[in-house]
Amino acid sequence: MSKEAGQTVPFGDPPRPPESRLSMALAFPFSAIVGQAEMKLAILIAAIDPSIGGVLVFGDRGTGKSTAVRALAALLPPMRAVIGCPYGCDPAAMADLCDSCKTRGGKSSRAKAVLKSHLVPVPVVDLPLGATEDRVVGSLDIERALSQGTKAFEPGLLARAHRGFLYIDEVNLLEDHLVDLLIDVAASGENVIEREGLSVRHPARFVLVGSGNPEEGELRPQLLDRFGLSVEVKTPTTIADRIEVVRRRDDYERDGAAFAAKWHKEDQRLRRLIISARARLAKVKVPDAALEHAAQLCMRLGTDGLRGELTLMRAARALAAFEADPVVGDAHLRRVAPPTLRHRLRRDPLDEAGSSVRVERALDEMFAT
Amino acid sequence: MTDIGGPAGAWADAVWAALLFSVAPHAVGGVALRAHAGPVRDQWLALLRRVLPAGSPMRRIPQHVADDRLLGGLDLAATLQAGRPVAQRGILAEADQGVVVLSMAERLPPGLAARVSAAIDTGEVVMARDGVALRNTARVGVVALDESALDDESPPAALLDRLAMHVDLRAIRLADTDMTAPCDAGQLASARLRLGAIQCGDAAIEALCVTALALGIASLRAPLLALQVARAAAALDGRLEVSQEDLVLAGRLVLAPRATALPAAEPPAKDAADNSDAEKSEESGEPATQQQELGAAAPLKDPDAAQPAAPDPGETLAETVLAAATASIPGGLLARIRPVGGELARPRSGGRAGVMQHATQHGRPAGVRRGEPRAGARLNIIATLRAAAPWQRLRRPAESGYMPDAGGARIQVRREDFHVTRFRQRAQTTTIFALDASGSAALHRLAEAKGAVELLLADCYVRRDRVAVIAFRGRNAEILLPPTRSLVRAKRSLAGLPGGGGTPLAAGIDAAAHLAQGVLRQGGTPLLVLLTDGRANVSRAGTGGREQAWQEALLAARALRAARLGAMLVDTSPQPQPAAQRLAAEMHAAYLPLPHAGAADLSAAVRSAVALR
């Protein structure tokens, strides 16, 4: 086996080794996904406003959960990153620079001029099953430890996912100690490594995307709470939709390149929509009436904490920006309420209705008049 | 093609499955082979070996495979020798373009199933372990050897869903097997070349989708895999277009074994289209736009245009495939499926919620000890290096002629330096409910017990604990809910809990003890909660007789005590019963009379019992 593994990321090398990225050439085009409107909308909203905090996709087998997430990478517009920084720091955000960029940038007023930057694709990093803790958080660089006996830090998957997306397929099969670790980093936006004699900290702000099948087990509430949006996908039941899914998937498997070319235009259109929605986002007005409605809805459903309200408001704003509406209205709230709130309800196992039904019920009651 | 039915027909189908699988192992995902270990299975595997291209890898994956062998990892010996990290490929990557065989797939841990499924989905294995990150192609096909004897065990559903053909060899005798393959190696080789060029009309796709839906198959992977199998069949036959025979064969091998429902009398395609059409036009009053939407989604045959007098060829094709698939649904399957209702039946889940625990590999690090990194133990590199450091000077002159290379002095690490990380895993509690569902335990009791189980589960997932449910009534006991953490599964299993009949108390205690032993073997802590009024009246043999049943129940209770299984008896009768008290004393269980307790009280009592342990 040649040495293609365990590369260190010294300054000057390309910051993100290709093996950490999802293979983009193979990805099924996002716009070619049939139906699943709620899942697609949730993913787009998370792409427009990453501060919403991630998407959880739960549902039946064979409904294209992971296909949709893997398709996301192609939609994201590239971002500006400091050349040579292992974490892909944003040269425009002074406060968030990693330690080495801060040192190199000198005084914060000049940092932008000193740090050279280039455009890179937004990372969508796969957390593979069976990944060990040392590769997730980063660890001692074995090569240097073995050959030179020096202590050097080798960044892990969390470093690569900084400013991008971290995707966990079969999230409910994740081992407990990894779950704890992710919960901590996702909340603080910083990865602190204290192991193997290393003491390193670096920014790790990423959007968590998880998918899984509820039959394999439940998620811990603390992890559920880290996801801004939660979507339930169901297998399509109309014969026309099912035929179309099979047909497109078959076309894609037979000639992936031709299929991607066919949908390229549509994907580009979505990409432009995301870019313009991001630009509009700050200008979208959230009137007091909308805030009040959001608060009322959360009270009616008895969601814990303020995170529900905040996410509901942000998601509604992102939706308004996406649809080029200048003001957030009840219609936006209604559409984003199920994915923002359904995983935040307090569990009542004796209530036969699922949480989606409870959210719908509350919405109907509220907006009936 | 071949005649269906009878062992010879079943063997012929099994041969077809082997041939089609060998044409495109990765494209069709694989074969789930339900058979006892024995000569018939060996014959099939030998046949598969023969029809696969010469030299293509065929690797067996044992149940206890460690991640570093399955996915790849650090090659320790080579790493230490070379003084730099050397990665090794895992079995999945080594079997690229070939086949992996999973033995005892019915006992496959969900984590292993998920790793293999990922390789089937993406055709590669991504590994991030032990300080190395690798991405290798692994376009493998999977043969899952399923030896399950009963219907309540099966390979994980996530894996089964991805294996195109489900073959059952159990009814086949060795005399029925015939090792002559209907094709020679040349035909197979040209079929592999031809595969990419096989054309497939819309009517064929439609036929498979309609058939899958009519048989109540929810997953969309089923029709997709059936399409791949039909393509392989066409390629094998030397054609460039998928024909009706190919579709019929695919329906029989791929769709029929997955059936969860029998098709309704009317062809469902028309049905669905008509219904949705009627509903939509009622609601919107604008059938034209709806029609357009449908058309945009798929150029489906317009339901209005299709005159019943002149059925179009797509419709007949679908009907033919459906009829053939229905005819070949195995007899045993018919017993547990019902005529199709309005919605899709959910697939039976084979997924076990609890991940099997290997104390040496997972959990929180709990210190370091000296030892060799084998059998899954993880090497702690810093401790190993630290142990090696003081000896470097001493070791160097011992090796005469050794020159450290120019890049810097190499560290010499020897076997005695090895340190591995120890891990600690919190023991998982599995609460086993044994419910008396007989006539004497009133029906509302069952509702309360169900409520208690669900409340406990809601609480359990916070602590990562599991719950199982056994019900006993009539003549025997059955496991309603195998140990799980999933509320979704629990609700579904408990929804159809029947009541009434005699009280086979001994059988109930036996079943619970059996399950508890299984939990113990997996390294968990079982807690038994028996809900009964203690009025046994059915013996182990399934016959009536109060005295006999009572004596047996006492025996079972003593066996429980001898096995030192933690237990608790909840007396469900209106007044505390001496029989139940006696039983609790015999099994050394806490006795808890709960005459008027609701679900909340019951779950609180159990919770405190768990906390005490």
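The pLDDT is the predictor's confidence in each residue, on a scale from 0 to 100. In the predicted model described here, this score averages 80 over chain A, with 86% of the residues of that chain scoring at least 70. Residues 1-25 of chain A form a stretch in which pLDDT stays under 50, although the model has 53 contacts beyond four places in sequence for these residues. Where pLDDT is low, the predicted coordinates should not be read in detail.

Chain B contains an open sheet of 5 strands, arranged in the order E2-E5-E8-E1-E9 and with parallel pairing. The edges of this sheet are formed by strand E2 (58-61) and strand E9 (165-168) of chain B, each of which pairs on one side only. Neighbouring strands are turned by 20 degrees against each other on average, with direction ignored. At the E2(B) edge, 4 bridges connect E2(B) with strand E5 (residues 99-102) of chain B, the two running parallel, and Met58(B) has Val99(B) of E5(B) as its bridge partner.

An open sheet of 6 strands is also found in chain B, where the order is E17-E16-E15-E18-E19-E20 and the pairing is mixed. Strand E17 (476-484) and strand E20 (590-593) of chain B each have a single partner strand, so that one side of each of these edge strands is left without a neighbour in the sheet. From one strand to the next, the twist averages 15 degrees. Within this sheet, strand E15 (residues 429-436) and strand E18 (residues 525-532) of chain B run parallel and are joined by 7 bridges, with Ala434(B) standing opposite Leu530(B) of E18(B). Helix H19 (residues 487-495) of chain B packs on the sheet, where it touches strand E16 (466-473) and E17 of chain B, and the direction of the helix makes about 165 degrees with that of E17(B).

Helix packing was examined within each chain and between the chains. In chain B, the axes of helix H10 (residues 221-236) and helix H11 (residues 244-255) come within 8 Å and cross at roughly 135 degrees, and H10(B) is therefore oblique to H11(B). The crossing is right-handed. Residues of H10(B) that make the contact include Leu225(B), Val229(B) and Ala233(B), and those of H11(B) include Leu247(B), Ala250(B) and Val254(B). By class, this contact comprises 13 nonpolar, 1 polar and 1 charged residues.

In chain A, helix H12 (residues 288-301) and helix H15 (residues 355-366) have axes that come within 10 Å and cross at roughly 130 degrees, which makes H12(A) oblique to H15(A). H12(A) passes H15(A) in a right-handed crossing. The contact is made by Gln296(A), Leu297(A), Arg300(A) and Leu301(A) of H12(A) together with Arg358(A), Val359(A), Ala362(A) and Met366(A) of H15(A), and these residues divide into 5 nonpolar, 1 polar and 2 charged.

Between the chains, helix H10 (residues 239-254) of chain A packs with helix H9 (residues 202-214) of chain B at an angle of about 130 degrees, their axes being 9 Å apart, so that H10(A) is oblique to H9(B). This crossing is right-handed. From H10(A), the contact involves Ile239(A), Arg242(A), Ile243(A), Val246(A), Arg247(A) and Asp250(A), and from H9(B), Ile205(B), Glu206(B), Cys209(B), Val210(B) and Leu213(B). The contact has 7 nonpolar and 4 charged residues, with no polar residues.

Methods. Residues numbered from 1 in each chain as written. Chains lettered and ligands numbered in written order. Predicted model: local features only at pLDDT ≥ 70, side-chain atom pairs only at ≥ 80, totals over all residues. Contact = placed C-beta atoms within 7 Å. Axes fitted to C-alpha atoms, helices over the stretch in contact; angles between N-to-C directions. Parallel < 35°, antiparallel > 145°, perpendicular 65-115°, else oblique. Left-handed = near helix turned anticlockwise from the far one by under 90°. Nonpolar A, V, L, I, M, F, W, Y, C, P; charged D, E, K, R; others polar. Pairing = 2+ DSSP bridges.
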